[in-house]
Every structure is written in structure tokens, then in C-alpha cells.
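Let's take a walk through this one together, starting at the surface and working inward. Keep the viewer open as you read.

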Amino acid sequence: MNAPRGTAACGAVIVLMLLVALAGCTGLSQRPEGLPSSGQYAFLDHQVIYTGTLVSGTCPAPAINVSPYIFDADSKTLAGIVPFEINESLLVVYGESTTLTGAYGRGGYGELSGVYALPYKNGNLTVDGFTKDGTMYLTYNNKSIALTPGMQWMDFSSGTETTRACTVNRTVTDVITYYGNYPQAGIARTRLA
């Protein structure tokens with residue numbers, strides 16, 4: 001008579017231990033506070049815009065035309081050439097583009113990169129990490145930058161470039177925008193014309 005009660009109690013203890021173990025495993029897979037939730041990514045966009053004004057001579061303006069990507073914050077979609085895996089480890093999508101205008105040229109080029117671990121370095125930009133409130137910390141050209149979702153950092157520089165054929169006044173606008181977190185389901189692998 002006592003054997004079934006002991007077996008039932010032992011079975012209940014085993015089930016309880018399994019539930020505690022499973023709860024512990026689920027807790028381990030959660031991302032630290034401040035990082036995008038599982039199934040989301042943080043979108044960081046870096047644009048460099050070169051504008052030129054002809055001072056003298058004749059310069060054939062260079063043209064680049066590789067459609068980079070299209071990000072729409074309202075519809076929460078990102079479309080473009082996506083050369084990385086979209087999976088649970090994806091933390092950040094980093095978009096980097098260059099645009100030429102005026103006497104400096106025309107057109108644009110860009111690319112997307114997937115970030116799976118922090119810190120992440122790409123050229124002279126490093127994504128250092130996130131705080132619990134979701135602020136992203138970056139280092140760019142040896143400057144520390146803190147961006148909350150929707151925030152933008154800008155820098156302007158100018159100079160004169162002289163070649164055998166011409167002289168052009170150049171302005172460079174450097175724009176880094178941290179848009180915030182978006183669903184991975186909104187990323188579309190497409191070729192843009």
C-alpha cells in the first residue's frame with residue numbers, strides 16, 4: 001500500500017526537478033537587458049555623403065550605382081542584398097553606404113553586415129555594446145558616441161581636392177543613425193535595381 005504513494009511522491013519530485021531545470025535553461029537563452037529581444041535586431045545605419053563644387057577645370061564626375069538597401073522604419077522592413085545569416089544569434093544589422101553628389105560624382109554604394117557578438121568592429125567604427133535602457137555605445141574615429149533609439153550623430157568636414165584636370169571643393173557629411181529594434185521577419189533578401 002505504501003509503495004504506490006512513495007512512487008507517486010518520487011515521480012512528483014522528479015517532475016518538479018525537470019521543470020526547475022527547464023526553467024533554468026530557458027533563462028540562459030534570454031539575452032541580457034538592453035540587447036534586442038530574441039527574434040529582433042538593432043539597426044545601425046552609417047551614411048557618408050560626398051558633395052563637390054567645381055572651382056576650376058573640367059572633371060569627369062565618377063559614378064557608382066550599386067543599390068545598397070532600403071530601410072523603412074514605418075513598415076519595419078529592411079530589403080537589400082543580405083549576405084549574412086538571419087538567426088537567433090543576430091544582434092545588430094549594420095548598414096554602411098556612400099553617396100556622391102555634385103561635382104564629386106553621382107550615385108551610391110552600400111552594404112549590410114550581420115553582427116552576432118559584441119564588440120563589433122568594421123573599419124574605423126566599433127559597436128561597443130548596449131546599456132540596460134537600450135542605449136548603443138560606439139567608437140568612431142576615436143570618438144565615443146552614445147545613441148538612444150531614433151537618435152542620429154552627424155559630422156561635417158570640408159576641403160579642396162586638386163587633380164591635373166580640376167579643383168573641387170568637397171564637403172563630407174558623416175551620419176550615423178541608430179534606429180532601434182525591429183523584427184527579423186521584416187528582413188527581405190532581394191536584389192535592388
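Val 66 counts as partly exposed because its relative accessibility is 37%, which falls between the 20% that bounds buried and the 50% that bounds exposed. You'll find Val 66 in the loop that runs between β2 (63-65) and β3 (69-72). Val 66 also has company out there: together with Ile 64 and Tyr 109, it makes a nonpolar surface patch of about 220 Å². Keep in mind that this is a predicted model, so everything here is computed from predicted coordinates.

Now zoom out. The protein chain has 1 helix and 13 strands, and the helix comes at the N-terminal end of the order, with the strands following. Of its 193 residues, 34% count as buried. The accessible surface comes to about 11300 Å², and carbon and sulfur atoms own 58% of that. If you like contact maps, take the contacts with a separation of 6 or more: 69% of them are between residues 24 or more positions apart.

What sits in the largest nonpolar core, and which residues touch the most other members? The core has 18 residues, and the ones touching the most other members are Leu 44, Val 92, Met 136, Leu 138 and Ile 176. At least two residues of this core come from each of β1, β5 (92-102), β8 (125-130), β9 (136-140), β10 (143-147) and β12. Another core, of 12 residues, lies apart from it, with Tyr 69, Leu 78, Phe 84 and Tyr 182 among its members.

Met 136 is a good residue to click on. Once you set aside its neighbours within four places in sequence, its contacts include Ala 42, Leu 44 and Val 92. Also on the list of Met 136 contacts are Val 127, Gly 129, Phe 130, Ile 145, Ala 146, Leu 147 and Tyr 178.

Next up, the sulfurs. The structure holds 1 disulfide, formed by Cys 59 and Cys 166, and the two sulfur atoms sit 1.1 Å apart in the model. This pair links distant parts of the chain: Cys 59 is in the loop between β1 (40-57) and β2, while Cys 166 belongs to strand β12 (residues 166-183), 107 residues apart. Which hand does the disulfide of Cys 59 and Cys 166 have? The torsion about the S-S bond is about -55 degrees, so the disulfide is left-handed. The two ends differ in cover as well: Cys 59 counts as partly exposed because its relative accessibility is 27%, whereas Cys 166 is buried, with a relative accessible area of 4%.

Finally, a few backbone details for anyone who checks torsions. The peptide bond from Leu 118 to Pro 119 is cis, its omega being near 0 degrees, and Pro 119 has its place in the loop between β6 (106-115) and β7 (120-122). Then look at phi. Lys 76 has a positive phi, near 60 degrees, in a residue other than glycine. Asn 141 is not a glycine either, yet its phi is positive, at about 50 degrees. Lys 76 is in the loop between β3 and β4 (77-80), and Asn 141 is in the loop between β9 and β10. Are these loop residues buried, partly exposed or exposed? Lys 76 counts as partly exposed because its relative accessibility is 43%, and Asn 141 counts as partly exposed at 39%.

Terms used
Residues are numbered from 1 along each chain as its sequence is written. This is a predicted model: local features need pLDDT of at least 70, side-chain atom pairs count only at pLDDT 80 or more; totals for chains, interfaces and linings use all residues. Side-chain values use heavy atoms; hydrogens and water are left out. Patches are made of residues with over 30% relative accessible area and no salt bridge: like charges are joined within 9 Å, nonpolar side chains (Val, Leu, Ile, Met, Phe, Trp, Tyr) within 5 Å. Accessible areas come from the Shrake-Rupley method with a 1.4 Å probe; for residues, only the protein chains shown count as cover. A salt bridge is a side-chain nitrogen of Lys or Arg within 4 Å of a carboxyl oxygen of Asp or Glu. Helices (H or I, at least four residues) and strands (E, at least two) are DSSP runs, numbered from the N terminus. Buried means under 20% relative accessible area, exposed over 50%, partly exposed in between (1.4 Å probe, protein chains only). A disulfide is a pair of cysteine sulfur atoms within 2.5 Å. Contact means heavy atoms within 4.5 Å. A nonpolar core is a set of buried Ala, Val, Leu, Ile, Met, Phe, Trp, Tyr and Cys residues joined through side-chain atoms within 4.5 Å.
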